[in-house]
Structures are given as structure tokens and as C-alpha cells.
Amino acid sequence: MSNINQNVAEQFIQYLNEEDFDKAESCLDPDFKFIGVLGTREKASVYMKDMRQMKFKYQIIKTFTADEDTCLWYTIDMGNKTVEASGWYQIIEGKIHSFKVLFDPRPLLNDQ
């Protein structure tokens with residue numbers, strides 16, 4: 001099962017990188033929840049609305065899986081800044097149910 005979970009998380013990232021936002025959203029449970037350093041989002045459609053505007057690009061460095069969890073270590077190119085981050089994806093029945101991202105936000109906050 002963990003290989004399936006890994007593939008769903010990695011496929012989601014690939015779709016985001018390709019800007020195929022409809023396919024990316026199809027990887028998410030409709031009641032998806034995002035928890036981030038700078039905010040949260042409830043519902044897949046709300047989260048994907050933001051992603052369509054931001055168009056971040058991801059480079060996966062390492063993938064870890066355990067049971068229904070997949071953790072990706074990656075860089076996120078946010079346009080004018082690139083940060084290293086870790087994303088924890090909880091996958092239930094082949095869909096990403098929740099996602100939590102951790103990174104140091106200081107480079108985004110006026111280079112503090």
C-alpha cells in the first residue's frame with residue numbers, strides 16, 4: 001500500500017509542475033485539508049484555486065513512506081524565492097486526505 005501512496009503524492013507533484021491543475025485536484029479527497037507555515041485551507045477546490053494562481057514548481061529530493069503516510073523532502077520554487085521544505089501527505093483510499101508542509105519562512109518574510 002505504501003508504494004501506491006508514494007505514487008499518488010509524487011503524481012500530485014508532477015501534475016502541479018506540469019500545471020495540470022485538474023489532474024492534480026483529482027489526487028485530492030474533496031474534503032482535503034492543507035496545513036502550512038503561513039496558513040491553512042479546507043477543501044480541495046479552495047486549495048487548488050490558490051495553486052492555480054501561485055504555480056509553484058517542486059523538485060523532489062527524497063520520498064519516505066510509512067503505512068498511509070508519504071513524506072516528501074523537496075525544494076519549492078516560488079518564483080522569486082526557492083525554499084527547502086518537507087510535505088507530509090496522509091493518503092486514504094488512494095486520495096490525499098491531508099497535507100502538512102514545513103519550511104523556514106524567513107526567506108519569504110523580507111529576508112529576515
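Me: Two strands count as paired if DSSP finds at least two bridges between them. Take this predicted model. Which residue in β4 stands opposite Tyr-58?

Reply: β3 and β4 run antiparallel, joined by 9 bridges. That clears the cut-off of at least two bridges for a pair. Across from Tyr-58, β4 places Ile-76.

Me: And which residue in β4 stands opposite Lys-62?

Reply: β3 covers residues 57-66, and β4 covers residues 69-77. Lys-62 has its opposite number in β4, namely Trp-73.

Me: Which residue in the turn between β3 and β4 has a positive phi?

Reply: The two strands form a hairpin, with 2 residues between them. One residue in this turn has a phi of about 55°. That residue is Asp-67.

Me: In what order do the 6 strands of the open sheet stand?

Reply: The pairing in this sheet is mixed. The twist averages 20° from one strand to the next. β2 and β3 each have a single partner strand, so they stand at the edges. The order is β2-β1-β6-β5-β4-β3.

Me: At about what angle to β1 does helix α3 run?

Reply: Helix α3 spans residues 44-54. The helix lies across β1, β2, β3 and β6. Relative to β1, the angle is about 60°.

Me: Which element supplies the largest share of the largest nonpolar core?

Reply: Nonpolar side chains tend to be buried together in soluble globular proteins. Here the largest such core has 30 residues. α1, α2, β1, α3, β4, β5 and β6 each supply at least two of them. The largest share, 6 residues, comes from α1.

Me: Which residues touch the most other members of that core?

Reply: Tyr-89 is one of them. Leaving out residues up to four places away in sequence, Tyr-89 touches residues including Ala-9, Ile-13, Leu-72 and Ser-98. Phe-12, Tyr-74 and Ile-96 are also among its contacts. The full set touching the most other members is Phe-12, Tyr-74, Tyr-89 and Ile-96.

Me: Does Ser-86 count as buried or exposed?

Reply: Ser-86 is found in strand β5. Beyond four places away in sequence, Ser-86 touches Cys-71, Leu-72, Trp-73, Lys-100, Val-101 and Leu-102. The cut-off for burial is under 20% relative accessible area. Ser-86 has 16% relative accessibility, so the residue counts as buried.

How values were computed:
Residues numbered from 1 in each chain as written. Predicted model: local features only at pLDDT ≥ 70, side-chain atom pairs only at ≥ 80, totals over all residues. Heavy atoms only, no water. Helix = DSSP H or I, 4+ residues; strand = E, 2+ residues; numbered from the N terminus. Axes fitted to C-alpha atoms, helices over the stretch in contact; angles between N-to-C directions. Contact = heavy atoms within 4.5 Å. Core = buried A, V, L, I, M, F, W, Y, C linked by side-chain atoms within 4.5 Å. Buried < 20%, exposed > 50% of the residue type's maximum accessible area, 1.4 Å probe, protein only.
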